[in-house]
Amino acid sequence: MRYRVEHSTRFTYADPVDLACHMVRLMPRELPYQKVLSSEVVADPVANRRVEHVDHFGNRVGWLFLEQPHPRFTVTLHAEVEVAFPAPPAAASTPPWEEVATARQGGPGQWQAAEFAFPSPMVAADPDVAAYVAESFPAGRPILVGIVDVLRRIREDFSFRSGVTTIATPVGQVLAQKAGVCQDFSHLMISGLRNLGLPARYVSGYIRTKPAPGTARRRGADQSHAWVGCWLGSALGWVDVDPTNDLIVADEHVVLGWGRDYGDLSPVRGVILGGGAHSLDVSVDLEAV
Amino acid sequence: MSIPPSPTGIDEMVDGQGGLRPHWRQIVSAISLSDGGGLADLSQRLNDAFDNEGVTGILPGSGRHSWRCDPLPLPIPAGEFAALTEGLAQRAELLEAVLEDIYGAQNLLADGVLPPAIVYANDAYLRPSHMQGPRRPGHRYLDFYAADLVRGADGAWRVLADRTVGAAGIAYARENRRMLQRVIPEVFRGTQLLQLRPFFDIWQTALQRLGQERAEARRFQQSQFQGQTQFQFAGQAPAQTGPGIALLTPGTSSQHWFEHMMLSRELSCALVEGGDLTVRGGAVFLKTLKGLQRVDVLLNRANARSLDPLELDAGSGIGVPGLMDAARGATIRISNDPGVGAMEAPALAAWLPALSMRLLGEPLKIASVPTLWLGEARARETVWRDPAQWLIRGATDGRSAAIEPARLNAAEREALLADIAREPWRFAATPAVAPSVAPCAGPNGMVPKPVVLRIYMVFDGREWRAMDGGLARVIESDEKLCGALPGEGLSKDVWILNDERSDIVGPPALPAFAVAIRRTAGDLPSRVADNLFWLGRYVERLEGSARLARATLHRLARGVIMPHELIELEALSRSLEQADLIPAEATGILGGGGALLSALMGSLQERGRNSGSIAWLIGNVARLTEAVRDRLTGDMYGAFTSGLRQIRYSARHVNGNVELLSQTMVEILRFSASVAGLAAENMVRGGGWMFLELGRRMERARAICSQVGFALEQPPARVEPALRLVLELCDSLITYRSRYLTVLQPAPVLDLVLADDGNPRGLAFQLVAIADLLDQIAGQGDRTLSAVATGLLEDIQAMVTRVADAADQSAAASGLPEPLHGHASRILALSDQVTRHYFALLPAAQTLGSGEAAPSFRGAA
């Protein structure tokens, strides 16, 4: 599946900003199942200095430094990407979850996955969330069967509602109010899986804006989307699942990158001097071509 | 584990058979011969000396405790010390190699040598420091290092903790030596001990070398790209040749502020806060009065996570956005590298022997205290069997004190075990061994107390060098063994006793570049200038307030208020109210001025003090004195602190007594006079002095305008008593009498206090001084500000001339209040212009997109 991505973030300031630096994680990363045909980040006004690196997690990260006063700032990603996620393994044939839950010990084959089995700054351990997710993992259940069960329950138990949470809302509160957006569901599921010792990572990206013919419009379209990478053990590796839409990621998603939680991946993070109050306007379009 | 826990450690001084260890003989005999009258007395003399010099940077009277020094040093024979430092040098190199791996290829994790928790569940592991791509050649993580050691029952020193982040306490070690030498020189008689000084020379040279490398690279780049605009921008100071070296401190709020200040002096680097630095074009600059100056090396004493709000913790108000990017681009060297905190993880000790074999190919020379990582089931079982025998520490958190299960009750112990069971990888355990004890001064002679020895190392470019001394921290019975150095405590000087074999280390050669001679202080950081300016203003305002209060008390104290005094008191209470010394409702003087009096008493209250009150002014003077301490001589700092302490002491003992209140005001006036005298005699007429003086002159000019204005708010018939008050407030009565005897007339009085530029208490004198200072500060630059001051002077002189020429001088004088209050506002406006022009406090920085509340930020850039 081939997509054209356009993701625009626009800040408008009450007073001119004298000096700004922005760290952007907007460039899709190259993956065996994701070919980046083109990608370009355009800043307006043009940055005085641009730097690009590959971060700790292998994501592409850029810095934009602006040293002239400016009343607004827009940063836009234009990319064209071809995705073909591998088919997931048959759920029933995956190993019992307890076998995967040894990942924290590290060592060959699982040391990299281990990083995603510990709590992280925005995904704290929470006893209620732990109990909620653990219900889907009775002893000996194949790991992917358990994961699919969690997806179904989140879709059934939670309502998708923006404005009821912020990025900083703890997972325990999301569980209590049974509502939130894609980041909340992803953080909640990650927290519960890690509590069992299962590596789980936060994936940032996009989901197609217009549904494929004959299917319903997905939740979380026309904005940044987030979902969960689950580790199935060293033999099977990672599989991406979308708790917001109760599905295993196949060909409707485009990956920007992954990390422990939102904090590792905020698409545009900046520090500005001056500016006063600011307003933010984000638009995302992921169109099949 | 191999070492059985023992209730008390071995004794450093005696050998167990009642004999004195040989290297203690000299000290014991010197102490017993000292003429001080016993140990307790020596100890008191040392405490007093530390207190007087404010070693921990105590704000006068703030009650903050300080580090104290025990009169008995901890001696270590040179041979034994050399073996220790050889082991620590190896250990530092080992940690360097581990850092290179975990921030690079991560083979130690891939091969399962280190468990992932030690790195990935370690808050001090900075992922922004682990960027993929080739390393820069010559990059190092560790330039300095310290270790805490304890001596076990078998006599061997073992490492209790590795200190890679701040290596705090080095200033206390140096102060201990300095104070001991001064207070009880007799103890040093006949002792051959190695000096601390060479260590600081080595360190300074090492920093200079790091800076030179960058300065050379910069000159090369500039020559390559000459003419291209990307390396130029407005505000960059021209022609900076030497390397820029700065010590980054969190500021006066840090419990180690004194140490940061002392280190910046010893190592000859600028003392800066995050708000003094700005990143432009990928390089770091210090904002000074003359523009931006390049910083090549940053000796970091701030929390690594707060260094850069863009990549690290967004909420920190002290970071420099873009600093990590600059460090990656190698335009600046942060020393130590921000990522080194990961090596303070206590659990790491469990793998060091294996890591040493793997990374260095040799056995570890100096062992750690036995350490178990509780992420392993077998280790948990061992600890579970008898928790009371163990100290529980954070696996990766080397800053928190250990938990002692032996001191917990059953419920607390259960809770601890449950915590460990839930997240076992977060914990490590060390046997609860007792460290060795050393004799300390007690009320009735020597008392043995446990000691932890901290040794400091620095990398000189080729090898690790130790400070020939250290800090021996005495662990009191209520103190914890592990964790970061607390803000207070008892310590001992550490003596490395020279024997015949050791070399005397001379100071190393300094780098060979000539320093250009300068007579200006162009590199004064803007923040320091700002602080000095405000210190000048507050000292003057304090003096002015005391003067007003004294004049008021003088009139109230007599009990019966005469009619002319009523006029004066009205004017005084308006001035007091305008200066925020008393609330508006206290200005009434009917009924004997009781409300006025109690408002003045209230102005000394420290609790719930109002801004503008005398207590508030004293607090501000104390705060700013501390903030500019590195710019003051010891004598000046001493004058400030002892004066403020005396004032605070008197203020606390006023207890409603008018006489004592008056005396306190007199003390304030004396304090202000002595500070002014010291500033005039001791401070070089450079940037620092100019701003202190400018603040003082501006405040005084404003106060004269307001006070004369309030005094003259009278009908023409009542102008005469007002003139007397004007002379009194401007301390000009005697001068007036010597010129005009007792005839009080408006024009001569106003000439003396407003227009005569020879009267240091008059307005004209202040305005001339202000114009002159602003000229000097501007140098070749823009002189509009000094022109404003000159304009003010011309206006005021014209005003006085109009009164002198008037047919009815009294009527003319009583029309002056309005223009005088207008003048006061113009002086304040000039002060604001100075602030904007030289200190340029920019609007607060905000963080976008991190989901955290916007931090309040000091101006950078």
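**Cores**

I began with the nonpolar cores of this predicted model, and found that the largest of them has 245 residues, with A:M189, B:A246, B:V284, B:I455 and B:M457 as the members that have the most contacts inside it. I then looked up the surroundings of A:M189, leaving out residues up to four places away in sequence, and noted that A:M189 touches A:V133, A:V150, A:I154, A:A200, A:V228 and A:P243. Apart from this core lies another, of 106 residues, and I wrote down B:A701, B:I704, B:A769 and B:A824 as being among them. As background I kept in mind that nonpolar side chains tend to be buried together in soluble globular proteins.

**Where chain B meets chain A**

I next turned to the contact between the chains, where 36 residues of chain B are in contact with 37 residues of chain A. Going through the side of chain B that touches chain A, I listed α4 (107-110), α5 (116-120) and β19 (845-848) of chain B as the elements that give two or more residues to it. The largest share of that side comes from β19(B), which gives four residues. By class, I recorded 19 nonpolar, twelve polar and five charged residues on the side of chain B that touches chain A.

**Chain A: two domains**

For chain A, I noted that the domain assignment gives domain 1 (2-83 + 266-288) and domain 2 (91-264), and that the C-alpha centres of these two domains of chain A lie 25 Å apart. I then looked up how they touch: 21 residues of domain 1 of chain A are in contact with 20 residues of domain 2 of chain A. On the side of domain 1 that touches domain 2, the elements of chain A giving two or more residues are β1 (2-24), β5 (70-83) and β14 (278-288), and the largest share, six residues, comes from β14(A). I sorted this side of domain 1 of chain A by class as well, and wrote down 13 nonpolar, three polar and five charged residues.

**Chain B: four domains and one sheet**

For chain B, the domain assignment gives domain 1 (22-201 + 342-369 + 433-497), domain 2 (270-335), domain 3 (370-432) and domain 4 (685-838). I looked up one distance here, and the centres of domain 1 and domain 4 of chain B, taken over C-alpha atoms, are separated by 58 Å.

I then followed an open sheet of three strands in chain B, which has the order β11-β13-β12 and antiparallel pairing. The strands β11 (372-373) and β12 (390-394) of chain B stand at the edges with a single partner strand each, so one side of each is left without a neighbour in the sheet. Looking at one of the pairings, I noted that five bridges join β12(B) to β13 (residues 427-431) of chain B, and that these two strands run antiparallel. Within the sheet, I found B:W390 standing opposite B:P431 in β13(B).

**Backbone checks**

I looked up the cis peptide bonds and marked the bond from A:D44 to A:P45, which is cis with omega near 0°; A:P45 lies in the loop between β2 (34-44) and β3 (49-54) of chain A. In chain B, I marked a cis peptide bond that joins B:S335 and B:N336, with omega about -15°, and I placed B:N336 in the loop between β10 (333-335) and α10 (352-360) of chain B.

I also noted residues that have a positive phi although they are not glycine. B:D580 has a phi of about 65° and is found in the loop between α14 (563-578) and α15 (594-602) of chain B; I entered B:D580 as partly exposed because it has 16 C-beta neighbours inside 10 Å. For B:D731, phi is near 50°, and the residue has its place in the loop between α20 (719-729) and α21 (733-740) of chain B. With 15 other C-beta atoms within 10 Å, B:D731 is likewise partly exposed.

**A loop residue in chain B**

Last, I looked up B:T191, which lies in the loop between α6 (170-183) and α7 (197-224) of chain B. I counted B:T191 as partly exposed, because it has 14 C-beta neighbours inside 10 Å. I also noted that B:T191 and B:A30 are 161 residues apart in sequence, while in space they are 9.5 Å apart, C-alpha to C-alpha.

Note on methods: Residues are numbered from 1 along each chain as its sequence is written. Chains are lettered from A and ligands numbered from 1 in the order in which they are written. This is a predicted model: local features need pLDDT of at least 70, side-chain atom pairs count only at pLDDT 80 or more; totals for chains, interfaces and linings use all residues. Two strands pair if DSSP finds at least two bridges between them. Domain bounds come from an automatic or database domain assignment. A residue is buried if 20 or more other C-beta atoms lie within 10 Å of its own, exposed if 12 or fewer, and partly exposed in between; C-beta atoms are placed from the backbone. Two residues are in contact if their C-beta atoms, placed from the backbone, lie within 7 Å. Ala, Val, Leu, Ile, Met, Phe, Trp, Tyr, Cys and Pro count as nonpolar, Asp, Glu, Lys and Arg as charged, and the others, Gly among them, as polar. A nonpolar core is a set of buried Ala, Val, Leu, Ile, Met, Phe, Trp, Tyr and Cys residues joined through C-beta atoms within 7 Å.
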